[in-house]
Amino acid sequence: MATIGEEEKISHRALKRVVRNPLTYWSLAPLMEIVNLREQSRAYKIWVRYLIWMMRSACSKRKKVIWMSAFTPVELAYAVGAIPILPEIIAALVSYLGWAPPFISIGNSMMSTDVCSFYRCALGLAVEGYLPRPDLIVSSSHLCDGANKFFSYLSQRYACSHLLLDPPYDTGPEAHGYVTDQLRYLLAHMVDLMAVSLSEEELCKVVGLSNTMRKYMVRINRLRMAIPAPFPGSEGLSYLAGMGFCSPGSTWGVRFSAILARELEDRVAKKRGYLDNERYRVLWLHHIRPYYQNDIFQFLSSQGVSVCFEEANYMYWPPFDPTKPLDSLAHKILSNVWAGPLERRLGAVKEMVNNYRVNGVIHFSHWGCRQSCGGASIIGDFLKDQGVPYMILYGDGADPDNYFPGQTRTRLQAFVEMLG
Amino acid sequence: MKVIRHILDQLGRQGGRAESVASVGWTCTYIPIEIVEAAGLTPARILPEPSSEKADAYLDPNFCPYVRACLGKAMDGEYKGLSGIIVANTCDGMRRLYDAWCHYMPPGFAFILDVPRTRSPNAIAYFRGRLQAFVRALEEYFKAEITEDSLRQATEEINRTRRLYQRLIMNHIQGVPGLRYSALLALFSKEWEGPRRLFNDALEEIVRITGQCTQKELFSPRVLVTGSILDGTSIIELIEELGGTIVGVDCCLAERMVQEVPLDGDILNALSESYLGKIPCARMKDTATRAKFLLRQVEKTRAQGLIYGALKFCDPYLYEFPALKEKLQKRDVPILFLEGEYRGRLGGGIRTRVQAFLEMLANFG
């Protein structure tokens with residue numbers, strides 16, 4: 001007779017097989033269509049289909065799998081016909097589904113609990129073998145010091161190559177040339193290491209698709225300036241941002257953003273807000289929110305506070321020139337407002353505050369995120385000078401054990417009073 | 001050692017840096033101070049006393065305590081005498097320190113130096129370009145002239161310091177009675193307090209004297225220390241107090257500054273290549289190079305164990321640890337991981353863990 005420990009091991013092994021079996025996703029696809037029958041947003045349904053497609057393609061091994069960090073241009077993966085898997089995004093999904101604690105706990109046993117819980121969760125998932133095996137790992141040191149070493153460690157565990165994109169702080173012509181050279185090197189090595197092919201035509205096509213998605217995203221962002229807010233920030237920080245990270249350069253991204261733009265056009269034309277009684281409008285700073293079950297957004301909604309926009313979806317880069325794909329991607333990388341000097345981010349915050357006519361700003365300070373939280377006080381001072389109420393909301397995006405509902409609610413209550 | 005103290009006292013009496021010479025604060029070993037010295041300026045290392053109360057209101061509580069201490073002390077007016085600051089774009093903490101410093105207490109001169117994470121030919125060329133921009137910025141602000149000759153001369157003098165450090169560390173490893181590594185660290189911190197030439201002369205005397213001492217085989221557990229910046233010498237002193245012998249300290253206060261810069265060819269290129277190729281900090285891409293270096297050091301110094309010290313919230317080191325641990329444990333090197341606070345004093349927990357580690361090394365190492 002199997003002991004409890006052995007039973008657990010057996011069920012884990014079985015679950016891992018299920019998660020990594022492409023058949024799971026073949027059967028999940030029609031099932032999710034039925035589950036989502038009552039879901040009104042077609043864009044959301046595309047997000048679900050995209051996730052299923054991504055996991056199915058990665059698990060079936062028909063395509064090469066590249067693990068990438070957030071902000072690494074996924075266009076490169078699509079250009080070589082590979083599937084980009086972003087472990088941080090998977091960790092957010094796992095947290096959303098309420099499955100994060102055991103994986104975070106595994107991460108905690110290997111890494112300091114002071115580092116980002118998304119990485120700790122992703123580490124647990126990787127160590128336990130729940131993620132589709134990578135053929136290559138590509139990360140970028142853009143914003144986050146963790147990305148470099150975290151992915152380097154995973155490459156050591158999976159015995160596959162790790163390529164690093166290292167964008168500089170400066171943005172002048174030398175920096176531009178340096179990033180373009182790195183992109184060229186990355187592509188050449190991706191082709192070489194995975195024995196895949198790449199044509200200039202394909203690269204231009206992928207960058208063209210990314211550009212089309214950008215065009216729709218710009219339209220979405222403009223539509224979201226409407227009062228009342230047509231689209232909830234909680235969703236902006238989940239599937240909208242998720243598609244923004246994973247799908248640029250694919251037809252999925254174009255389809256998703258085109259449909260969402262159409263849905264929002266309809267809502268705005270009918271003057272339908274996502275809240276019936278929008279009293280105040282708030283801008284959410286940082287790329288993430290708590291994904292596990294929490295009542296932050298419900299509480300704000302109950303007080304008539306709409307999260308009308310979130311910094312995660314701010315379009316910071318200029319339109320691409322599809323005839324110069326690498327040059328265009330280098331422009332995008334160097335325009336990132338969260339990298340480089342804080343003034344750039346301040347400029348973006350100011351623009352969002354004005355465009356979305358917000359009554360207040362919440363900075364979600366995720367435990368373990370230095371790049372964003374390090375600037376939170378300066379942003380606060382800047383907004384104070386502009387007379388905009390501001391609150392730093394301390395919390396954790398992936399780890400529900402770091403969520404304190406009472407404390408969070410008290411802070412939010414005080415903030416809402418301040419808005420009045 | 002009394003003799004070191006005596007030489008240092010003498011050095012102190014000979015006078016610090018002339019007040020007429022402007023001082024520029026710097027934060028990281030990836031900043032080539034050769035360029036600062038070639039401009040006739042004093043590079044003043046920013047190593048604040050642990051305390052950050054003031055900065056706590058301006059930087060997140062889960063932020064590098066060294067960065068918070070730098071900002072706190074700057075807000076206390078401790079760095080009022082500096083004519084400027086140079087920060088390297090080495091990590092998120094440093095970037096935000098630069099932002100906060102410039103925002104709350106704008107210094108006369110401020111420069112953030114972009115440092116690539118690899119040493120590919122492109123990275124070396126790019127870093128050379130940034131060094132050129134750094135030269136131009138210093139020349140413009142301080143109305144100084146940095147020539148190829150002055151740069152070469154400054155590099156030569158700093159290389160002399162490095163050579164002497166290497167010899168001193170070697171003397172220590174070979175066993176000089178009464179010479180502790182904590183004393184070496186205290187000595188290294190004097191480098192920026194007076195004219196370099198005088199410091200080098202004093203250092204040469206110390207190297208000569210320690211070289212003549214009777215060599216003695218040491219029987220206490222031999223420990224190599226690696227990690228992020230240390231809050232003074234507390235951890236080193238603790239290890240020594242508990243009976244360990246430090247045979248090397250791979251951190252930004254010590255042995256990461258001892259590699260020489262070759263003087264042939266284009267000097268800016270040599271600086272770029274040397275700084276990107278020096279013993280790497282965890283912020284660099286390549287963990288394998290760091291692991292190889294540490295394994296080599298373990299072999300060279302016959303260290304029995306490694307203590308890996310990371311400051312709390314120091315992401316490059318915290319993220320690097322699992323990879324490094326695996327690589328070193330594969331070669332049977334015992335490792336102790338310590339997470340510190342930059343408080344200048346160590347808690348009882350750390351003391352107990354170090355003690356247990358040393359006992360383990362003494363029994364089984």
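Thr408(A) is a good place to start: setting aside neighbours within four places in sequence, this residue is in contact with Ile296(A), Leu393(A) and Tyr403(A). Thr408(A) belongs to helix α18 of chain A, which covers residues 405-419. With a relative accessibility of 8%, Thr408(A) counts as buried, because the cut-off for that label is under 20%. Please keep in mind as we go that this is a predicted model.

Let us stay in chain A and turn to Ser69(A), found in the loop between β1 (65-68) and α4 (75-79) of chain A. Is Ser69(A) buried or exposed? Its relative accessibility is 0%, so Ser69(A) counts as buried. The side chain of Ser69(A) makes a polar contact with that of Thr72(A), at 2.8 Å. Beyond the neighbours within four places in sequence, the residues in contact with Ser69(A) are Leu86(A), Glu88(A), Val138(A), Ser139(A), Ser140(A), Ala147(A) and Phe151(A).

One of those contacts, Val138(A), leads us to a pair of strands. Strand β3 of chain A (residues 136-140) pairs with β4(A) in the parallel sense, over four bridges. Within this pairing, Val138(A) stands opposite Leu163(A) in β4(A). Now look along β4 of chain A itself, residues 162-165: His162(A) and Leu164(A) point one way, while Leu163(A) and Leu165(A) point the other way. In a regular strand, side chains alternate between the two faces of the sheet. Here all four, His162(A), Leu163(A), Leu164(A) and Leu165(A), are buried.

The loop that holds Ser69(A) runs up to α4 of chain A, and that helix brings us to a charged pair. Lys332(A) forms a salt bridge with Glu75(A), and the closest N and O atoms are 3.6 Å apart. Lys332(A) sits in helix α14 of chain A (residues 325-335) and Glu75(A) in helix α4 of chain A, so this pair ties together parts that are 257 residues apart in sequence. Both Lys332(A) and Glu75(A) are buried. Over all chains, the structure holds 38 salt bridges. Side chains of opposite charge can pair when their charged atoms come close.

Chain B offers some further examples, two of them involving helix α7. Glu148(B) and Arg152(B) both lie in α7 of chain B, four residues apart, which is about one turn of the helix. They form a salt bridge whose closest N and O atoms are 2.6 Å apart. Glu148(B), at 38% relative accessibility, counts as partly exposed, and Arg152(B), at 21%, also counts as partly exposed. In the other example, the side chains of Asp201(B) and Arg160(B) meet in a salt bridge at 2.9 Å, N to O. This pair links distant parts of the chain, with Asp201(B) in helix α9 (residues 196-212) and Arg160(B) in helix α7, 41 residues apart. At 34% relative accessibility, Asp201(B) counts as partly exposed.

Helix α7 of chain B (148-174) also helps to cover another helix, α11(B). How many of the eleven residues of α11 (residues 267-277) of chain B are buried? Eight of them are, so the helix is largely enclosed by the rest of the structure. The buried residues are Ile267(B), Leu268(B), Ala270(B), Leu271(B), Ser272(B), Ser274(B), Tyr275(B) and Leu276(B). What covers them includes α2 (33-38) and α6 of chain B, along with α7.

Finally, let us see how the two chains meet. At the interface, 47 residues of chain B are in contact with 48 residues of chain A. The area buried between them is about 4100 Å², and carbon and sulfur atoms give 50% of that. In chain B, Arg96(B), Tyr126(B) and Tyr319(B) lose the most area to chain A, together 19% of what that side buries. There are eight salt bridges between chain B and chain A. One salt bridge joins the side chains of Arg130(B) and Asp170(A) at 3.0 Å, N to O. Across the interface, 27 residue pairs are in polar contact, both residues being at pLDDT 80 or more. On the side of chain B that touches chain A, α5 (92-104), β4 (109-114), α6 (121-142) and α13 (315-330) each supply at least two residues. The residues of that side divide into 21 nonpolar, nine polar and 17 charged.

Definitions and conventions: Residues are numbered from 1 along each chain as its sequence is written. Chains are lettered from A and ligands numbered from 1 in the order in which they are written. This is a predicted model: local features need pLDDT of at least 70, side-chain atom pairs count only at pLDDT 80 or more; totals for chains, interfaces and linings use all residues. Side-chain values use heavy atoms; hydrogens and water are left out. Contact means heavy atoms within 4.5 Å. Buried area is the accessible area (1.4 Å probe) that two parts lose on being put together, summed over both. A salt bridge is a side-chain nitrogen of Lys or Arg within 4 Å of a carboxyl oxygen of Asp or Glu. A polar contact is a pair of N or O atoms within 3.5 Å; within protein, one must be able to donate a hydrogen and the other to accept it, and residues adjacent in sequence count only if both atoms are side-chain atoms. Ala, Val, Leu, Ile, Met, Phe, Trp, Tyr, Cys and Pro count as nonpolar, Asp, Glu, Lys and Arg as charged, and the others, Gly among them, as polar. Buried means under 20% relative accessible area, exposed over 50%, partly exposed in between (1.4 Å probe, protein chains only). Two strands pair if DSSP finds at least two bridges between them.
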